[in-house]
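Please look over the structure shown below; the briefing that follows covers its cysteines, nonpolar cores, salt bridges and one surface patch.

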Amino acid sequence: MADFTSALYLGLRHASAGLPPWAALTRGQPAALAEPAGAEAAAAALARLQGLAAATLLPSTLHLFWDLLRQLARETRSALLLDAGAYPILHWSAEGAAAAGAVVRRFPHHDSAALEQLARGALREGLRPVVVCDGFCPGCNRPAPLAAYARIAGEGGGTLVLDDTQALGILGRAPTADCPFGHGGGGSPGWQGVAGAHIAVGASLAKGFGAPLAALSGSQALVERFLGGSETRLHCSPPSSAALAAARQALALGARFGELWRARLLRLVLRLRETMAQAGLEAVGRLPFPVQSFVSRQGPELAPLLWRRLHAGGVRALLTRGCQGLAPRLTFIVTARHRQPQIDRIAQLLARAGHAAAPFASLTHAIH
């Protein structure tokens, strides 16, 4: 079975035999009382990778954003301005902040003009804008307009809160046409050349680095304020020793081999896009990001049919609706562990289905 459903983009798996040993999975103490062994070193290494001053680790992005949005809303009279297409965890966290009395308003996905209008309205009410979004959206295969978002937040004396889970480990500084991922894998701010003390970056390491924990990164002052007011660091368990060991290993390996892994990943994704184009399927978006979705000009009914055909032929893919609930699309998640013959297998199955040449009625008959 060729599996294109795993989001371990760089292929890091962290088998137990490959990790250094630990004396206990957890010490039974909250992070607010004592940081787990190795947490501060791992956080510092991640901050350096991102080009940011400081970082701290948490069990997940839900812990992180639940705390952070409530804190920002409490510190000053603020309005949380949330990109409507953001990942559900940001919506859940904003709803938690709203239950605690925060003002939450949403704007259309990646619409900086609508955001600017909301921010101006918030300022007239005496509220500072806290802009909340994803750095990169795999649903539409587009980056958020971070320069505009950061400017709007900064001009209002507010904060840009960024969930950079998708980009961390993949996108990095100084991208070019030949190297669209850029270098280093530090994430969206470096990839877009956006910086500022008013930017807070939250990200899970579970995708790019294969380690199930999250980090909040930003200025020293922002991280220290978060540490001083975090409720999840007081009432929830910190990341486990196993997760911390995986994070430290991933960061070390990424520093040595990350450029090679990303180059391999790029070649595989480009091969997939070429394969699908030859089969008459159109890619969503232009960036060769590891998550690739495809639509057919023959209509939305085709995606489920092709998905079943691929599954019957030993290829696991996904049916998704994207960030705006559109018609089903055929989606593949490519990792650095995939091989070219697995990509070519997709082409073989589509050719057998007759998609490239046969009319839609013939394809339906062949599949059923």
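The structure holds zero disulfides, a disulfide being a pair of cysteine sulfur atoms within 2.5 Å. This is a predicted model, in which local features need pLDDT of at least 70 and side-chain atom pairs count only at pLDDT 80 or more, while totals for chains, interfaces and linings use all residues. Residues are numbered from 1 along each chain as its sequence is written, and side-chain values use heavy atoms, with hydrogens and water left out.

**Cysteines**
- The sulfur of Cys137 lies 3.7 Å from the closest cysteine sulfur, that of Cys140, which is too far for a bond.
- Cys137 is buried, with a relative accessible area of 4% (buried means under 20%, exposed over 50% and partly exposed in between, with a 1.4 Å probe and protein chains only).
- Cys179, at 22% relative accessibility, counts as partly exposed.

**Nonpolar cores**
- The largest nonpolar core (a set of buried Ala, Val, Leu, Ile, Met, Phe, Trp, Tyr and Cys residues joined through side-chain atoms within 4.5 Å) has 61 residues, of which Leu171, Leu205, Met276, Phe332 and Ile346 touch the most other members.
- Among the elements that give two or more residues to this core are helix H1 (39-50), helix H9 (241-278) and helix H11 (340-353), where helices are DSSP runs (H or I) of at least four residues and strands are runs (E) of at least two, numbered from the N terminus.
- The largest share of this core, 14 residues, comes from H9.
- Leu171 is in contact (heavy atoms within 4.5 Å) with residues that include Phe136, Phe181, Trp191 and Phe289, not counting residues up to four places away in sequence.

**Salt bridges**
- There are 11 salt bridges in the structure, each defined as a side-chain nitrogen of Lys or Arg within 4 Å of a carboxyl oxygen of Asp or Glu.
- Arg316 forms one of them with Asp3, the closest N and O atoms being 3.5 Å apart; this pair links distant parts of the chain, with Arg316 in strand S13 and Asp3 in strand S1, 313 residues apart.
- Arg271 pairs with Asp344, with the closest N and O atoms 3.0 Å apart, and thereby links helix H9 to helix H11 across 73 residues.
- Glu116, Arg120, Arg151 and Glu155 are joined into one network by salt bridges that share partners.

**Surface patch**
- Leu62, Trp66 and Trp92 make a nonpolar surface patch of about 300 Å².
- Trp92 sits in helix H3 (residues 88-99) and, at 47% relative accessibility, counts as partly exposed.

Terms used
Patches are made of residues with over 30% relative accessible area and no salt bridge: like charges are joined within 9 Å, nonpolar side chains (Val, Leu, Ile, Met, Phe, Trp, Tyr) within 5 Å. Accessible areas come from the Shrake-Rupley method with a 1.4 Å probe; for residues, only the protein chains shown count as cover.
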